[in-house]
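Me: I've got a structure open and I'd like to learn how to read it. Can you walk me through it?

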Amino acid sequence: MTARSVGLPTVTAAADLPASVQIWEVGARDGLQNEASIVDVATKLEFLDRLADAGLRILEATSFVHPRWVPQLADAEQVLAGLRRRQDVTYPVLVPNERGLDRALAAGVRHVAVFASATETFATRNLNRTLDEQFAMFEPVVGRARAEGLGVRGYVSMCFGDPWEGAVDPAAVVSVGRQLLDMGCSQLSLGDTIGVATPGQVETLLAGFTAAEVGPDRLAVHFHDTYGQALSNTLTALRCGVNTVDSSAGGLGGCPYAESATGNLATEDLVWMLDGLGIAHGVDLDALAATSAWMAERLGRPSPSRVVRALTG
Ligand code: HMG
Ligand code: MG
């Protein structure tokens, strides 16, 4: 029996899990920002189109950051101009500052995300700002975006460990998250930027947010898979009541400003688990895996996703 002939997991529901999960697909942004080569605009547009065809409804499309800082996404304007926008799909973009917001608004964007750091060192390395200065940079962005009627997400990076500072105090993460919510972000995405978290940490951090009166309905999780923990951490978050999960088609991803960051949780690996648990997600797994195999070919290396390899190998 080949792996492909298995096709789908056996469905067995488990207790204490949501009936459906909203997948926040970050492949075109987090995935492609970390590639050694720069993917051309036409390929990015086909990627986004195929992800929408596969049933994904939130596609983080690109970042309006400084083009020198992330040359892989310097074509943000061209990507937005060429995008065949679908009514039923949301296309959020990252914006660090007002200049980024101006560019995003000019490109007709309706949903933005600011991205904060829970640690001093990563704030400096990723944003060229201290921990406190990052809030001063985000405040007018969030205020103006809200006034324009845009959706605004707030990322918190280095929630579970930092390559320069080591362990990260959950109280520091909650404090950064609270400031983003108080500013006007409607959802927080908790990032394990370097993929070091384990499930007990996830439980502890989510309990910290609950104690600060931030319920799981306002939280998303964003796990990188460096140490192979992303899926177990995701399951833990689902058991704690979170039902928005960030993932990346084919397991692409990483952050050019975080040493040792590798790919995000692969969307296919997530979908396989959700299918097995009988949790609705709206994604056509075969179409998605075919898209990731196609992208892997363009990038010249196999997808790191186990499920993509099993289904398309
Ligand atoms: P800076 O050098 O401090 O910028 O960079 P500045 O404010 O001093 O401005 C300097 C010049 O850059 C000015 O031009 C600005 O106009 C221009 P000048 O007046 O000298 O001619 N400029 C811009 N140009 C275009 N677009 C802009 C922009 N901003 C300023 N948006 C900055 C500060 C924040 C811009 C820089 O640090 C930056 O772009 N950082 C982005 C880093 C990044 O994208 N990292 C990856 C995303 S985060 C991530 O992946 C983690 C996540 O996945 C979650 C997780 O995994 O944990 C989200
Ligand atoms: Mg990330």
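Reply: Sure, let's begin with pockets. On a 1 Å grid over the protein atoms alone, a pocket is an open set of points where a 1.4 Å probe fits, with protein on both sides within 12 Å along at least five of seven lines. A molecule sits in one if more than half of its atoms lie within 2 Å of its grid points. Here, ligand 1 sits in the largest pocket. This is a predicted model: local features need pLDDT of at least 70, side-chain atom pairs count only at 80 or more, and totals for chains, interfaces and linings use all residues. Residues are numbered from 1 along each chain, chains are lettered from A and ligands numbered from 1 as written, and side-chain values use heavy atoms, without hydrogens or water.

Me: Which polar side chains touch ligand 1?

Reply: A polar contact is a pair of N or O atoms within 3.5 Å. Thr 193 has a side-chain N or O atom 2.6 Å from an oxygen of ligand 1; for Arg 29 that distance is 2.9 Å. His 224 also joins in, with a polar side-chain atom 3.0 Å from a ligand 1 oxygen.

Me: Which residues hold the magnesium ion (ligand 2)?

Reply: Look for donors, meaning N, O and S atoms within 2.8 Å of the metal (3.2 Å for Na, K and Ca); water is not among the atoms, so sites may look incomplete. The protein donors here are Asp 30 (OD), His 222 (NE2) and His 224 (NE2), 2.1 to 2.3 Å from the ion.

Me: Are Asp 30 and His 222 buried or exposed?

Reply: Buried means under 20% relative accessible area, exposed over 50%, partly exposed in between (1.4 Å probe, protein chains only). Both Asp 30 and His 222 are buried.

Key
A polar contact is a pair of N or O atoms within 3.5 Å; within protein, one must be able to donate a hydrogen and the other to accept it, and residues adjacent in sequence count only if both atoms are side-chain atoms. On a 1 Å grid over the protein atoms alone, a cavity is a set of points where a 1.4 Å probe fits but cannot get out, and a pocket is an open set with protein on both sides within 12 Å along at least five of seven lines; lining residues have an atom within 4 Å of a point.
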